[in-house]
Amino acid sequence: YARGTKPDGTPWRVGFANPGQDGPAYIASFQLRDAVIAVSGAYQRYTEIDGARYGHIFDPRTGYPAESDIVSVGVIHADGATADFYSTTLYVQGLDAALTYIKEGGAALVLDEGNTLYVAESLREGFLMNEEAQGYQVEFVAQTAA
């Protein structure tokens with residue numbers, strides 16, 4: 001949660017974590033003010049059984065760990081519970097649902113399995129890629145409402 005601005009009046013800068021084991025700690029950063037970012041993915045909390053990795057997020061439709069084409073999704077919202085709800089829900093529902101959420105006005109960053117980082121247009125101002133993060137593409141997603 002970033003409340004207000006820093007003492008000098010500028011927005012807080014938040015990093016979007018690099019889920020890979022190689023490279024810098026974050027892929028990109030953006031400005032945040034009076035909002036929460038909640039991030040969901042299966043790259044930190046998982047178990048391996050017989051060589052297969054199973055994440056900690058379950059798909060309520062199957063009762064099994066979610067199989068997602070999203071590596072990591074961060075949702076920005078004024079309310080933390082809402083941000084957490086959407087980040088987990090979009091991870092389970094997948095990339096198409098996450099892009100629809102952004103297009104319909106939701107503030108989010110979504111990293112897919114092909115290392116494309118989709119970023120809501122509303123986050124463009126103050127958005128910076130980490131120069132040390134190699135192999136990532138960025139696509140800003142137009143929104144019908146902000």
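Two strands pair if DSSP finds at least two bridges between them. The exercises below apply this to a predicted model.

**Exercise 1. Work out how β1 and β2 pair, and where they sit in their sheet.**

Solution.
- Start with the bridges. β1 and β2 (residues 26–32) pair in the antiparallel sense over six bridges.
- Pick one position. Val 14 stands opposite Phe 30 in β2.
- Place the pair in its sheet. The order is β1-β2-β11, an open sheet of three strands with antiparallel pairing.
- Look at the edges. β1 (12–17) and β11 (128–129) each have a single partner strand, so one side of each has no neighbour in the sheet.

**Exercise 2. Describe the neighbours of β10 and decide whether the strand is buried or exposed.**

Solution.
- Take β9 as one partner. The two strands pair in the antiparallel sense over three bridges. Leu 109 has Val 119 of β10 as its bridge partner.
- Check the turn. The hairpin of β9 and β10 has three residues between the strands, and Asn 115 there takes a positive phi near 65°.
- Take β12 (residues 137–141) next. Five bridges join this strand to β10, and the two run parallel. Thr 116 has Gln 137 of β12 as its bridge partner.
- Sort the side chains. Thr 116, Tyr 118 and Ala 120 point one way from β10, while Leu 117 and Val 119 point the other way.
- Apply the cut-off. Buried means under 20% relative accessible area. Five of the five residues of β10 (residues 116–120) are buried, so the strand is largely enclosed by the rest of the structure.

**Exercise 3. Classify the ring pair of Phe 85 and Tyr 86, then look for a charge over a ring.**

Solution.
- Recall the limits. Ring centres must lie within 6.5 Å, and planes over 60 degrees apart count as edge-to-face.
- Count the pairs. By this rule there are three aromatic pairs.
- Test the pair. The centres of the Phe 85 and Tyr 86 rings are 5.1 Å apart and the planes are at 80°, so the pair is edge-to-face.
- Widen the view. Phe 85, Tyr 86 and Tyr 101 form one aromatic cluster.
- Add exposure. Tyr 86 has a relative accessible area of 29%, which makes this residue partly exposed.
- Turn to the charge. Arg 124 lies over the face of Phe 140, at 3.9 Å from the ring centre.

**Exercise 4. Describe the largest pocket and the residues that line it.**

Solution.
- Give the volume. The largest pocket has about 530 Å³.
- Find the centre. The lining has 23 residues, and the closest to the pocket centre are Ala 42, Tyr 43, Arg 53, Val 71 and Tyr 91.
- Trace the strands. β5 (52–55), β7 (64–65), β8 (70–77) and β9 (107–112) each supply at least two lining residues. The largest share, three residues, comes from β5.
- Sort by character. The lining divides into 13 nonpolar, six polar and four charged residues.

**Exercise 5. Set the sequence separation against the distance in space for Pro 60 and Thr 89, and for Val 36 and Leu 117.**

Solution.
- Locate Pro 60. This residue lies in the loop between β6 (58–59) and β7. Pro 60 is exposed, with a relative accessible area of 75%.
- Read off the separation. Pro 60 and Thr 89 are 29 residues apart in sequence and 9.9 Å apart in space, C-alpha to C-alpha.
- Locate Val 36. This residue lies in β3 (residues 36–41). Val 36 is buried, with a relative accessible area of 14%.
- Read off the second separation. Val 36 and Leu 117 are 81 residues apart along the chain, and their C-alpha atoms are separated by 19 Å.

Note on methods. Residues numbered from 1 in each chain as written. Predicted model: local features only at pLDDT ≥ 70, side-chain atom pairs only at ≥ 80, totals over all residues. Heavy atoms only, no water. Phe/Tyr/Trp six-rings, centres within 6.5 Å; stacked < 30°, edge-to-face > 60°. Buried < 20%, exposed > 50% of the residue type's maximum accessible area, 1.4 Å probe, protein only. Lys NZ or Arg CZ within 6 Å of the ring centre and 35° of its normal. 1 Å grid on protein atoms, 1.4 Å probe; cavity = no way out; pocket = protein on both sides within 12 Å on 5 of 7 lines; lining within 4 Å. Points joined across faces, edges and corners; volume = space filled by probe spheres on them. Helix = DSSP H or I, 4+ residues; strand = E, 2+ residues; numbered from the N terminus. Nonpolar A, V, L, I, M, F, W, Y, C, P; charged D, E, K, R; others polar.
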